[in-house]
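Biologist: Please show me the chain, and then let us go through a few of its features.

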Amino acid sequence: MQIKNLKTEYKINPIGIDVIVPRLSWQIVSNEKNVMQTAYRIHTADSLENLNAEKLIWDSGKISSDNPEHPEQLNSINIKYGGPKPKSSQRFYWKVCVWTNKNNSSWSEPAFWEMGLLEITDWKADWIHPLIDEDISKACLCPILRKEFNLNKRINSARVYASALGLYELKINGQHISKNLFTPGWTSYNKRIQYQTYDITDLLKKGANAVGATLGDGWFRGHLAGWIKDNRNFYGEKLALLMQINVGYEDGTTETIVTDSSWKSSTGPILSSDIYNGEIYDARLEKDGWCNVNFDDSDWNKVETLNHSKDILIAQTGPPVKRIQEVKAIEIIKTPKGETVFDFGQNMVGWIKFKVKGKPGDKVVLRHAEILDPEGNFYIANLKGAKQTIEYTLQSNEEEVFEPHFTFQGFRYVAVDEFPGEPILENFVGIVVHSDMEVTGSFECSNSLVNKLQQNILWGQKDNFLDVPTDCPQRSERLGWTGDAQVFAATASFNMDVSSFFTKWLGDLKADQLDNGSVVHIVPYIPVLGEGGAGGAAWADSAVIVPWVIYQTYDDVRLLENQYRSMKSWVDFMKKEAGSSYLYTSGFHYGDWLAFTTDRSDYPGATTCKELISSAFFAYSTSLLIKVAEVLNKKNDIKIYEKLYDNIKNAFQNEFITPNGRVTSNTQTAYLLALAFDLVPENLKKNTAKKLADDVRKFGHITTGFVGTPFICHVLTKFGYNDLAYMLLNRIEYPSWLYPITKGATTIWERWDGIKPDGSINTKAAFSIDEDEMMNSFNHYAYGAIGDWMYKTIAGIKQDETSSGYKKIIIQPQPGGGLSFAKAEFKSIYGKISSDWKIENKKFVLEVEIPPNTTAKVFVPDSNQESGFKKHNIGSGKYKFESIL
């Protein structure tokens, strides 16, 4: 037995955290079956030497299960540190000893965590703004700042704490301090600004040192929300840097280097770098050695200190954005218009790293697009004004290599203009960037198109989880739409470890929540939008639904505690708006966004009453709030909201459900919400489910939009129509999940018909018929919500309703759709869960793996059983089951 994967606040050996009572987790690795943890003991010390010598800060003692007959009650995840209150910058080393029901025990290898700056008084640095000439009405020069300093003793350790108004890159003695990108990240800047902590011990030296910083507009003052006139400077007009280096010497003394009025500022080669529009870089303007010592900065400008709050600083919570992978170009295309276009074979997010050789003053211009038009020409109309252009000017006759700094593009195709010489495939590589989340899920089956669908879902998640869950990564939007995040959260938590990613985002949702409890539609919010962009059903309900999904996946009770007031405020807002009717029908709602439409006069499309949707989500959020209150033992709230839920349910039934089970609007989404949210009277559920199934058969395809799509296959399966769920999955004609793949999609589309069956491009607008306002993204993850059903129904990986964190696992594959095999893995917080089944000669063979310290119920399809399944109760380990279909 081994104890592995020690984590603090979901991270391995984090530095610079500000959680006063961190939570510790570990995994048990064993080749034995039925392994359960029966006890644990955590040792914590201030050094490795003291940890090994048992000179401890905290000893948890041996913690045993309160019920020896049920050791599964003893968690190995999210165990709270119980020692003295941490101090700023303090490092804790820890290890854990685990005892199991196999009468063995084992100590882990040591791990550590390190605190950040916990008190406002710990910050000695000032916010500094470069004094350079700039026109803030448009994309600005990226200023550079520098300072030299001397360290006159032998260095034991050094940390830099850094943040910015805008984005920053830091170098020490000419070297990048980190591979992190787009720091300090995008938050609700008026209320929360992240800072990062870096270990720079190895970058400093005794004697003279230099630190340099480059600032970019980023989300802080760059272009945002392209539909708004003058869409810049939403959070502020002045870029600023905040940086503090804390040095510890070998003799025990310390020294601090800070941003202050002694710094110098200038301009560099980045003439502009904008999230939407790309970057203009003139290599001739590079200042060689500017972030090294002995650089002559006598002609540089001064800086000014800003009186900007440091009270709102928080340590980085989510995973950093990084370069994750490289994608090579597969083809050079000459379009009918004569454009030179590189095809990278994959719609991705990031940028192009390229090599070029020419002469000083030569240029390279790269334009980025998702698709080619039906004639094969470069297509950018769907970017809605986002230029997505890189312009690079060469400085020498030697080969030069370039990649941009404070921008990202969404693209598959790159048009190369003004390139000196002939561009070749080997000179261009796509750099994929996104939040550095571990891939935790995989899915594969005998249908190659469904496998491609899974790949497209994962790519859509990677491309849109760049510090915030954006709707799209290419047009002049790229915003944290709450509705998109809500519908996709369950699938996202299968595919990747999104624990800290959503924890960070939900902190901004709570910060941006209006005083009346209403929840904004975009997080982080853009202040200029005012209070109008809030309260929409399914969008605002992310305040309740997303925390619940994260709790279910990671057993994160603290997240529920932190978000509880936010959840409750949202439900109370709807309650007030509904009044005695108990129906939430006021305000603006997006409805079942982008549901199936037609050009027929007698059937314009599957339009679901917005009041039905908003009232259904009122009920659903209330029901989830009750569950949260039960987890948190809020007994009085349980009573209050159970009564509220009953009133909402009764009102919904009276208003929207007929005596024979028909749901008004008579759309798939209407039936789905009523059934999924348990709003249909028990005696009518069978009839209502049949009406749903009849509608699916009548159309032969899905008609749902963003709101209904996540539920359709789940509800059909639950009520005995698994064959229809598979029919919808396998359909390749429009509208369906597989149709875009037949049109070459490598990600999930925003619309079911982004490209129409006749090959033309959909140019519909969001709210008008003005084609200049067209809305058509080819990289939108919302419809990828089908992935949750693929994991839970096809592979059969889910958990008991009484479980969280996959402590009590259920494996129940439900084969169909002509599949001969399917397999999936999910790296839960306890360890790997896998389900691998195949059908051979009417024999069903299922292999499963369950991680230690969990249990599972396995339901094997078996035609000899009245229920259709044979049940097995198992513990951890690998198992193989066979049955007759």
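Modeller: The open sheet of 5 strands runs in the order β15-β14-β17-β12-β20, paired antiparallel. Strands are DSSP runs of E with at least two residues, and helices are runs of H or I with at least four, numbered from the N terminus. Two strands pair if DSSP finds at least two bridges between them. This is a predicted model: local features need pLDDT of at least 70, side-chain atom pairs count only at pLDDT 80 or more, and totals for chains, interfaces and linings use all residues. Residues are numbered from 1 along each chain as its sequence is written, and side-chain values use heavy atoms, leaving out hydrogens and water.

Biologist: Which strands stand at the edges of the sheet?

Modeller: An edge strand here has a single partner strand, so one side of it is left without a neighbour in the sheet. The two are β15 (175-176) and β20 (264-267).

Biologist: Which residue stands opposite Lys171?

Modeller: Strand β14 covers residues 167-172 and pairs with β15 in the antiparallel sense over 2 bridges. Opposite Lys171, in β15, is His176.

Biologist: How far from the centre of the ring of Trp99 is the charged end of Lys62?

Modeller: A charge sits over a ring if NZ of Lys or CZ of Arg is within 6 Å of the ring centre and within 35 degrees of the ring normal. The charged end of Lys62 sits over the Trp99 ring, and its distance from the centre is 4.3 Å.

Biologist: Are Tyr281 and Phe402 buried or exposed?

Modeller: Buried means under 20% relative accessible area, exposed over 50%, and partly exposed in between (1.4 Å probe, protein chains only). Tyr281 and Phe402 are both buried.
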